[in-house]
Amino acid sequence: DVTITAIPSNFATAAGGIWKSTNNGTTWRPVFDNQRVISMGMLAIAPSDTMQVWAGSGEPNSRNSVSPGGGIYKSTDGGITWKLMGLEKTQTIGRIQVHPTNPNIVYVAALGAIWNANKERGLYKTTDGGTTWELIKFISDKAGVVDFARGKGFCSLPAMAAAPVLSALRLFPEDFEHHVRTGTCPAAQRR
């Protein structure tokens, strides 16, 4: 997966970190190599402060190989340097939305761990630029929020237009074979 944000551009890859171009994509340089994760789920730029870039680690797309992330990172210098801002146990972040006029308000969709149940799933919100996070929507330890869209009233939760919740717990091959043999294979569900 590829996400290109703005010019100068930041570019995130599912398993290759974040890259930056300052010449309309003629050349790129890695800007996330000093962090402990390379798997990226989403980038977002604050509309009211384009030097503020958020990176949600952990690829949420279901494919043959998925690497877990290590939280959400913030850059205040356009993607040159990064600071871990929490949510380390979410493992996969599928969407980040920054408030259009207040860059301290950020929403994060966290799918959660791919290979096991974990309670760090759902929709998170910060109002202090990532210093603290509130879990504002939780379904279960096996169902997380992979995406969401905001309505016109961005600041209030009821204005949320859609938040697909995905029950996504992968099974190891031996577990899958057992479930198939016994007829107890759990189905992925959308709510």
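Trainee: Which residue in β6 stands opposite isoleucine 45?
Mentor: This is a predicted model, in which local features need pLDDT (the predictor's confidence in each residue, from 0 to 100) of at least 70, side-chain atom pairs count only at pLDDT 80 or more, and totals for chains, interfaces and linings use all residues. Residues are numbered from 1 along each chain as its sequence is written, and side-chain values use heavy atoms, with hydrogens and water left out. Strands are DSSP runs of E, at least two residues, numbered from the N terminus. Opposite isoleucine 45 in β6 is valine 53.

Trainee: How many bridges join β5 to β6?
Mentor: The two strands form a hairpin with two residues between them; strands pair if DSSP finds at least two bridges between them. β6 covers residues 49–57 and runs antiparallel to β5, and the bridges number six.

Trainee: Why is β5 largely enclosed by the rest of the structure?
Mentor: Buried means under 20% relative accessible area (1.4 Å probe, protein chains only). β5 spans residues 40–46, and it is largely enclosed because, of its seven residues, the number buried is six.

Trainee: Which strands each supply at least two residues of the largest nonpolar core?
Mentor: A nonpolar core is a set of buried Ala, Val, Leu, Ile, Met, Phe, Trp, Tyr and Cys residues joined through side-chain atoms within 4.5 Å. The largest has 15 residues, and Trp54 and Trp133 are among those touching the most other members. The strands asked for are β5, β9 (93–98) and β10 (106–110).

Trainee: What is the mean pLDDT of the chain?
Mentor: Residues reaching 70 or more make up 68% of the chain. Over residues 156–162 the pLDDT is below 50. The chain mean is 77.

Technical notes
Contact means heavy atoms within 4.5 Å. Buried means under 20% relative accessible area, exposed over 50%, partly exposed in between (1.4 Å probe, protein chains only). Helices (H or I, at least four residues) and strands (E, at least two) are DSSP runs, numbered from the N terminus.
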